[in-house]
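Dear colleague,

I am handing over the structure we spoke about, and you will find the sequence and the coordinates just below. After them I have written out what was found, topic by topic, so that you can follow along in your viewer.

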Amino acid sequence: IPCVDGIDARTLSDLIQKKWPGNRRFKISEKPPMHGDLYLLEKLGMVKEITAGSGFNGTILLGGELESMRTRLKFILNGKDVGIENGTVWFLTRQCPLSEKRENLTTLTTESCLPFRSGWQPPKEMPASETEIAKAIWDQSVIPHGMHAEFVDTPLQRDRNGRRIATTTEVVQEFIRRQSNQDQGLWLVVSSQPRIALHHVNALKAADLENVSAGYTFIEAGPAADPQLSLATYLNQVALLLCESLQ
């Protein structure tokens with residue numbers, strides 16, 4: 001892309017969309033970013049852990065693949081700066097296909113970043129959706145006394161081509177629709193790097209689409225990126241963030 005000095009954000013985004021359409025544009029390298037690239041990505045706030053204060057109406061954990069949800073739940077349970085005064089974690093998940101390589105009975109029943117509670121019994125069959133995996137993670141993990149979970153399962157969405165998986169914006173919209181006016185206020189949205197900034201934009205967009213942007217304030221937080229994450233993954237997230245921020 002001819003990226004001259006002083007190019008504006010919209011022009012750059014349009015050039016990226018034209019040259020590399022789709023959500024997985026960059027396949028230049030499956031290796032982690034080098035020092036110079038990592039420095040720039042850190043400046044964009046896409047690498048390091050982001051913490052938050054307290055005083056939230058509630059805590060939202062955005063769904064994802066198995067290990068992503070485990071990592072986000074660990075961040076919530078262990079984070080001293082993460083406020084969960086009402087003791088409830090809201091899992092916002094979707095009906096979507098699972099990754100057979102990363103989401104199977106072996107990975108589900110293998111302890112990783114969260115310890116399993118004593119007496120937990122593995123299921124005989126693999127959960128069939130992101131929502132069911134979230135429930136299994138909560139059930140198998142050591143959870144402090146008094147904490148609870150609520151699960152907002154967003155169904156497939158209709159469009160002119162049939163049904164498709166809900167976007168993050170639509171998942172947050174589903175959550176908002178299920179809340180009462182008393183639930184409005186300050187909410188913590190927990191994702192993980194390098195997606196935290198993008199998911200914050202998605203949450204703000206959802207509140208705007210539901211005409212409740214004056215009632216909801218979303219604060220983003222989440223754990224640092226995996227050191228082995230590829231440069232291509234980062235660049236895809238940069239392109240998505242640029243595109244979403246301009247809509």
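What volume does the largest pocket have? Please bear in mind throughout that this is a predicted model. The volume of the largest pocket comes to about 1,800 Å³, and its lining is made up of 47 residues, among which Glu 65, Arg 94, Arg 195, His 199 and Gln 237 lie nearest the centre. The elements that each give two or more residues to this lining are helix α3 (66-78), strand β2 (88-94) and the helices α6 (168-177), α7 (196-209) and α8 (231-245). Sorted by class, the lining holds 14 nonpolar, 18 polar and 15 charged residues.

As for the chain as a whole, its secondary structure consists of eight helices and seven strands, and of its 247 residues 43% are buried. When one takes the contacts between residues at least 6 apart in sequence, 79% of them join residues that are at least 24 apart.

One buried polar side chain that you may wish to display is Gln 140, which belongs to helix α5 (residues 130-140). Gln 140 has a relative accessible area of 0% and therefore counts as buried. If its neighbours within four places in sequence are left aside, Gln 140 is in contact with Arg 70, Leu 108, Pro 115, Phe 116, Arg 117 and Trp 120.

Arg 117, one of those contacts of Gln 140, also leads to the charged pairs. Eleven salt bridges are present in the structure, and in one of them Arg 117 pairs with Asp 139, with 3.2 Å between the closest N and O atoms. This pair links distant parts of the chain, since Arg 117 sits in the loop between α4 (105-108) and α5 while Asp 139 sits in helix α5, 22 residues away. Arg 117 is partly exposed, at a relative accessible area of 34%, and Asp 139 is likewise partly exposed, at 37%.

A further salt bridge joins Arg 164 to Asp 159, where the closest N and O atoms are 3.3 Å apart. Arg 164 is partly exposed, with a relative accessible area of 28%, and Asp 159 also counts as partly exposed, at 34%.

Another salt bridge is formed by Arg 177 and Glu 210, whose closest N and O atoms are 3.1 Å apart. Because Arg 177 lies in helix α6 and Glu 210 in the loop between α7 and β7 (216-221), the pair ties together parts that are 33 residues apart in sequence. Glu 210 is partly exposed, with a relative accessible area of 22%, and salt bridges with shared partners join Glu 174, Arg 177, Arg 178 and Glu 210 into one network.

Turning to the aromatic side chains, a search of the whole structure finds seven aromatic pairs. The rings of Phe 175 and Trp 187 have centres 4.9 Å apart and planes at 80°, and since planes over 60 degrees apart count as edge-to-face, this pair is edge-to-face. Phe 175 lies in helix α6 and Trp 187 in strand β6 (residues 185-190), so the pair ties together parts that are twelve residues apart in sequence. Phe 175 and Trp 187 are both buried, and together with Trp 90 they form one aromatic cluster. By contrast in geometry, the pair formed by Tyr 216 and Phe 218 is stacked, at 5.8 Å centre to centre and with 15° between the planes, and both Tyr 216 and Phe 218 are buried.

Finally, two features of the backbone deserve a mention. Most residues other than glycine have a negative phi, and most peptide bonds are trans. In this model, however, a cis peptide bond with an omega of about 10° joins Gln 193 and Pro 194, and Pro 194 is placed in the loop between β6 and α7. Asn 211, which is not a glycine, has a positive phi of about 60°. Asn 211 is found in the loop between α7 and β7, and with a relative accessibility of 70% it counts as exposed.

With best regards

Definitions and conventions:
Residues are numbered from 1 along each chain as its sequence is written. Side-chain values use heavy atoms; hydrogens and water are left out. On a 1 Å grid over the protein atoms alone, a cavity is a set of points where a 1.4 Å probe fits but cannot get out, and a pocket is an open set with protein on both sides within 12 Å along at least five of seven lines; lining residues have an atom within 4 Å of a point. Grid points are joined across faces, edges and corners, and a volume is the space filled by probe spheres set on the points. Helices (H or I, at least four residues) and strands (E, at least two) are DSSP runs, numbered from the N terminus. Ala, Val, Leu, Ile, Met, Phe, Trp, Tyr, Cys and Pro count as nonpolar, Asp, Glu, Lys and Arg as charged, and the others, Gly among them, as polar. Buried means under 20% relative accessible area, exposed over 50%, partly exposed in between (1.4 Å probe, protein chains only). Contact means heavy atoms within 4.5 Å. A salt bridge is a side-chain nitrogen of Lys or Arg within 4 Å of a carboxyl oxygen of Asp or Glu. Rings of Phe, Tyr and Trp (its six-membered ring) pair if their centres lie within 6.5 Å; planes under 30 degrees apart count as stacked, over 60 as edge-to-face and the rest as tilted.
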